[in-house]
Every structure is written in C-alpha cells, then in structure tokens.
Amino acid sequence: MAGYDDRDGKIWMDGKMVDWRDANVHILTHAMHYASSVFEGERAYNGKIFKSREHSERLHFSAGELDFVIPYTVDQIEAAKAQVLTEAGLTDAYVRAIAWRGAGPDMGVASSRNPVHLAIAAWEWGAYYGDAKTKGAKLDISKWKRPSPETIPVHAKAAGLYMICTTSKHAAEAKGCSDALFMDYRGYVAEATGANIFFVKDGEVHTPLADCFLNGLTRQTVIGLLKDKGITVHERHIMPGEMEGFEQCWLTGTAAEVTPVGMIGDYTFEVGALTQDIAETYEKLVRS
C-alpha cells in the first residue's frame, strides 16, 4: 500500500496546485521542531464539505491561539478547498487543511520572522473505526491526562496537542482496542484521542463539559440534533466511576462521525436504539 507521500494527484499549497509527491517542506521548518502548526479535518459528502466555513474559521482561531496569522482569508480557504475537491474528482472525501510556521530567519523557539504556509489535501477515507459502527468500538483508558487550560491552548486544534493522542492510541491498539479515553487534569472523563464522547442513562444523554478540550463541531451538531428530538443533554463533569451506570456510549468527530462504543476498560455498553438513531440522523444531515 502506497504511503501518503507517494500518491498521484495534486495538493493545494500556498496558492497553487502542486504534484502530490512534490508537496514538501524544508527539514528546518519551524513546525517540525516546535509544533507551530494547526489543522482541520473535514469530510465532504456528495461534493459538499460539512460545516466547511466553520472549519475554516476555526483554523484561523487556532492559528491566533498559537500567535500567528494565516495569510489567506476564510473565503480564500473555502475557494481552495473547492478547487482541491474538483481537481481530485472526489465527492465523498476527507479534507485536510494545515497551516504552519515554515523555515526562515528564526530557528529557535521564537519564530516571528518565519513565513506562515497553508496547504490543503483531500483523499478517500472510509470508516475511521472500521466495523465499530455496527459492533461498537473498544477503548482503552490512557495513562495520560488532558492538560489544564492554564498550561496550553486547549481549545485550538493544534498539532502539538496530539502528541499524547498518538502514544495513547498506539498503546490502545497494542491491547486490541480501537482508541483510548482520556481523563482530564482533574480526573474527570474528557475525550478520546480524536473524538468527543457521549453516554446514555435512562433516556438522557451525558457528555463531558468541553472546558479543557476541543469542543468539536460534530459534538456541537449532535447536541443540537438531540435537543431537536426533545432529548435532555447534560454537559457536565463526569467521574470515571459513573461509566458503570451508563447504558450506551458513542464517539463523535469529523473522522469518527457517530461511532458506537461497546467497551471502555472494564465498562461495557450496548449499541442501543438511541445510539443507532442519532448515528442515522447525523448521516442523513451530512448528506442532505
């Protein structure tokens, strides 16, 4: 199977389409050394990127949190994404926009004189968790915790925040799991490595308060869908021991979409009617 660096096609890079294999950066790119990079993961359905503008706006917000300015407006980013999909001939696709501090006069921690770059790529990507949409994903519990907002810009979609996600997912996969669940710095249930989490008990939904991790666009969409159905949603701090009393569980994210969870550590959940209903409702929405 060819790697992501060895494919046919084009990638939009700093205002022009370049051959996929030539979309490269210098080894002294600041982002590679100091994680000065932000990104968005987006999905296109039937030729339309779901929540596209919101993703582009959040990319700008994340860059601001890392103290740099993307040299392209939201409208220009929107046009570039459309160009990428057209060039690739894709209607259902995953879209990745990434902005970063490149190589320049600075090669220490400070990098204010270095240029900021933007690239956008798209490719076909199926179910993020494989057959978990029918069977329910199996999650490990990470040894790492989501940090305090006083230590890092937790509401930015910044590359550096995913370091513990990579190590946690590797550890989970080594145990035969699909993903890992984080607790936060206070010990409350937080999120998975790339998705937010929801629980069901007695017909009501409980989800961790997004006060120290990314308030996902899919998370916000699903909360809106639940409320439209008249279902009570509690956004609150959840202690790990409470998982024993929850009946159903699912994950949400652009890549994950709505994926049922069957097990977290020693806690088990059914792939119940509400989980299936919200997954179907979300699928209809994104394809409408």
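Strands are DSSP runs of at least two residues, numbered from the N terminus. With that in mind, welcome to this predicted model, where we will look at charged side chains.

**A negative patch**

Let us start with E204, which sits in strand β11, spanning residues 204-208. E204 is partly exposed, with a relative accessible area of 31%. Together with D202, E247 and E270, E204 forms a negative surface patch.

**Salt bridges**

Opposite charges also meet here: the whole structure holds 21 salt bridges. Three of them are listed below, with the distance between the closest N and O atoms.

| Acidic residue | Basic residue | Closest N and O atoms |
|---|---|---|
| D8 | R21 | 3.0 Å |
| E257 | R43 | 4.0 Å |
| E283 | R287 | 2.7 Å |

Take the pair D8 and R21, joined by a salt bridge. D8 lies in the segment before β1 (10-13) and R21 in the loop between β2 (16-19) and α1 (30-34), so this bridge ties together parts that are 13 residues apart in sequence. D8 is exposed at 64% relative accessibility, and R21 is partly exposed at 41%. D6 joins D8 and R21 in a network of salt bridges.

Now follow the bridge between E257 and R43. This pair links distant parts of the chain, with E257 in strand β14 (residues 257-264) and R43 in strand β3 (residues 37-45), 214 residues apart. Are these two partners buried or exposed? E257 is buried, at 8% relative accessible area, and R43 is buried too, at 7%.

Finally, in the bridge between R287 and E283, R287 is partly exposed at 33% relative accessibility, and E283 is partly exposed at 28%.

Definitions and conventions:
Residues numbered from 1 in each chain as written. Predicted model: local features only at pLDDT ≥ 70, side-chain atom pairs only at ≥ 80, totals over all residues. Heavy atoms only, no water. Patch = residues over 30% accessible without salt bridge, like charges linked within 9 Å, V, L, I, M, F, W, Y side chains within 5 Å. Areas by Shrake-Rupley, 256 points an atom, 1.4 Å probe, with all protein chains shown as cover. Salt bridge = Lys/Arg side-chain N within 4 Å of Asp/Glu carboxyl O. Lys, Arg positive; Asp, Glu negative; His and termini not counted. Charge placed at Lys NZ, Arg CZ, Asp CG, Glu CD. Helix = DSSP H or I, 4+ residues; strand = E, 2+ residues; numbered from the N terminus. Buried < 20%, exposed > 50% of the residue type's maximum accessible area, 1.4 Å probe, protein only.
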